[in-house]
Amino acid sequence: MAEHADPAPGPQSSNEEAQAHLTNTPRGGGWRMFAEPIEVEAFLNQIWIPVLVDGFDHETADIWARWPPVETHPSEDVHHQVIDASHYRPPKDGFPES
């Protein structure tokens with residue numbers, strides 16, 4: 001995929017379907033949680049926006065991102081959303097190991 005290409009419409013980018021599932025804890029055994037959140041760009045609501053990531057699934061490359069973005073909502077309204085690898089740009093140096 002090109003550096004700035006938008007993902008094809010699908011379950012996480014379509015207006016007709018849920019963007020992803022909101023969770024209290026991520027499901028599956030490959031999750032690695034970060035000591036500090038990592039900022040990445042994610043393709044949500046048909047645009048690229050910065051999101052804070054609290055975890056990464058090394059088996060699927062999904063991220064566990066704070067949603068809605070902290071900048072636009074008070075912290076008590078923030079939940080987490082699992083976003084698949086085709087809908088975010090990983091950090092330049094990759095995700096931390098721990």
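Ala 61 is partly exposed, with a relative accessible area of 23%. In this predicted model, Ala 61 is found in the loop between β3 and β4. The phi angle of Ala 61 is positive, at about 70°, although the residue is not a glycine. The value of 23% places Ala 61 in the partly exposed class because a residue counts as buried under 20% and as exposed over 50%.

A positive phi is also found at Gln 46, a residue other than glycine, where the angle is near 70°. Gln 46 lies in the loop between β2 and β3. The relative accessible area of Gln 46 is 36%, and this residue is therefore partly exposed.

The strands on either side of these loops contribute to the nonpolar interior. The largest nonpolar core consists of 15 residues. Within this core, the residues with the most contacts are Val 40, Val 51, Val 53, Ile 63, Tyr 88 and Phe 95. At least two residues of the core come from each of β2 (31–44), β3 (47–57) and β4 (63–67). The largest share is given by β2, which supplies five residues.

Ile 63, one of the residues with the most contacts inside the core, was examined further. When residues up to four places away in sequence are not counted, Ile 63 touches Trp 31, Val 40, Val 53, Gly 55, Phe 56, Gln 81, Val 82, Ile 83, Tyr 88 and Phe 95. Among these partners of Ile 63 are Val 40, Val 53, Tyr 88 and Phe 95, which are likewise listed with the most contacts inside the core.

Methods. Residues numbered from 1 in each chain as written. Predicted model: local features only at pLDDT ≥ 70, side-chain atom pairs only at ≥ 80, totals over all residues. Heavy atoms only, no water. Core = buried A, V, L, I, M, F, W, Y, C linked by side-chain atoms within 4.5 Å. Buried < 20%, exposed > 50% of the residue type's maximum accessible area, 1.4 Å probe, protein only. Helix = DSSP H or I, 4+ residues; strand = E, 2+ residues; numbered from the N terminus. Contact = heavy atoms within 4.5 Å.
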